[in-house]
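Here are some short exercises for getting to know a new structure. Try each task by eye before you read the solution.

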Amino acid sequence: MKKLEGRALMCIALAAVLIIGLCVFVGRLIVNGSDWASFYANAHVYSGGKLAVGAVYDRNGTVLLENDENGPHYNPDSGIRKGTVHVVGDKYQNISTAVNYAFRSKIIGYNIVTGTKGILFGSGREIKLTIDADISKVAYEALGYKNGLVGVYNWKTGEVICMTSKPTLDPEEDEASGDKESGTYINKVLASADTPGSIFKLVTTKAAIENISSIDDWSFSCTGSHVIDGEKITCPSVHGRVDIYSALSKSCNCAYASLAVELGSDLMEKTVKDLGLTSSYDLNGIKSREGSFTFDTYNYNLGWAGIGQFEDQVNPMSMMVYMGAIAGGGEAAEPYIIMGSDTKNTELLKSDTAAKLKEMMRNNVMSNYGDGNYPGLELHAKSGTAEGAKGTVPDAWFCGFSGDYAFIVCVENGGYGSSVAGPIANKVLQALKAK
């Protein structure tokens, strides 16, 4: 009898171990199943180390990538390939923020019930992106021989229309990952953070509008330089007496350094945090890079930080969403790249502040950049010229919105923002308007 009891207990213990092991396996399957299915050794969905199933399309149904047993095949237009590769990905999956890397399980068609769709049905899942292939090609061609980035998104819906970066590559022709120019595999709209120059003055302006009660009566006399803590902040020219409108439109460094010091480091730090510039956005699981800022208690450095220099590092996606929030009366839809995704609105600033900034950005175009240079767009914008290392040509920035679209453009070592980055923005926005 005791032997029977002992054997029964042993059977119960073994059954318990089996059940626990099964539970552990099921739990790991739920958590890791998509990674297991996406592993490169899975011959059902990979051929020669490259995906053999699945397809990626743009918002209009244009083929961006198709995979079969011979590997990946990209759009026949080289301009579209180069303009979208940082979103779609290269054949060797070197771009970690690209869909063929980040969404492998979706492309393969994995789910926990049927496993990989390719095994059951002979093909992978089709993914339709919010990206517009034609607009991405326009952005790629507009950048010309310069490196940089172009981002456009619909601030009402959250759909990202364009994320084009240079240096780029042709994924159809590329055969090796070595000897590439620095930044070739980086989607700069998502994954970079750089000195913004004077586009950051829109951040300082937001803080000034909300925290200086007499901002409409505020003025500053620019003599071309402004001494803070015994050191000089300089402007490219003498701007004379400026109010808040003309200080922004003329992009007066001296005035904005003065404003930053008046506002103080704590308030400037709170402002970048409130505007989402120190956090990231989640685009269907792909996260943008966080920005970083140092608002020194040493007023000279604080002055330069308020201008968009010193240690300011802005992520283009976050800045673009801020542009959308100004257009949207203080809030904008959070960005996404897979068609049909759910989104939510994020509130970044007060509605009356947004209205004021919107008016000021329109004034920038009409009084400085030239409304005739952007026909039919009713453009609201701010330019920036970001100084880098001594002896280098500054980066040219241009950001803003037109209608439902917020945008950001950066041309590395391009020079002045409005004259270099502005025409690129115009080409892309005009192409959007013509659709």
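**Exercise 1. Describe how β4 pairs with β5 and how the chain gets from one to the other.**

Step 1. β4 and strand β5 (residues 71-74) run antiparallel and are joined by four bridges. Strands (E, at least two residues) and helices (H or I, at least four) are DSSP runs numbered from the N terminus, and two strands pair if DSSP finds at least two bridges between them.

Step 2. Take one bridge as an example: glutamate 66 has histidine 73 in β5 as its partner.

Step 3. The two strands form a hairpin, with two residues between them.

A word on the model before going on: it is predicted, so local features need pLDDT of at least 70 and side-chain atom pairs count only at pLDDT 80 or more, while totals for chains, interfaces and linings use all residues. Residues are numbered from 1 along each chain as its sequence is written, and side-chain values use heavy atoms, with hydrogens and water left out.

**Exercise 2. Build up the sheet that holds β5, β4, β3 and β8.**

Step 1. Strand β3 (residues 55-57) is joined to strand β4 (residues 63-68) by three bridges, and the two run antiparallel. Here alanine 55 has glutamate 66 in β4 as its bridge partner.

Step 2. Five residues lie between the strands in the hairpin of β3 and β4, and there glycine 61 takes a positive phi near 85 degrees.

Step 3. β3 also pairs with β8, in the parallel sense, over three bridges. Valine 56 stands opposite isoleucine 127 in β8.

Step 4. Put together, the open sheet has the order β5-β4-β3-β8, with mixed pairing. β5 and β8 (126-128) each have a single partner strand, so one side of each is left without a neighbour in the sheet.

**Exercise 3. Work out the order and the edges of the five-stranded sheet.**

Step 1. The sheet is open and antiparallel, in the order β10-β9-β21-β20-β19.

Step 2. β10 (160-166) and β19 (380-386) are the edge strands, each pairing on one side only.

Step 3. Look at one edge: strand β9 (residues 148-154) and β10 run antiparallel, joined by six bridges. Glycine 151 has methionine 163 in β10 as its bridge partner.

**Exercise 4. Describe the packing of α13 against α14.**

Step 1. Two packed helices are described by the angle between their axes and the distance between the axes.

Step 2. For helix α13 (residues 316-327) and helix α14 (residues 351-369), the angle is about 105 degrees and the axes are 8 Å apart. Axes are lines fitted to C-alpha atoms, for helices over the stretch in contact, and angles run from 0 to 180 degrees between N-to-C directions.

Step 3. α13 is therefore roughly perpendicular to α14 (angles of 65 to 115 degrees; under 35 is roughly parallel, over 145 roughly antiparallel, the rest oblique).

Step 4. The contact (heavy atoms within 4.5 Å) includes Tyr322 and Met323 of α13 and Leu357 and Lys358 of α14.

**Exercise 5. Classify the ring pair of tyrosine 298 and tyrosine 300.**

Step 1. Rings of Phe, Tyr and Trp (its six-membered ring) pair if their centres lie within 6.5 Å; planes under 30 degrees apart are stacked, over 60 edge-to-face and the rest tilted.

Step 2. The centres are 6.3 Å apart and the planes stand at 55 degrees, so this pair is tilted.
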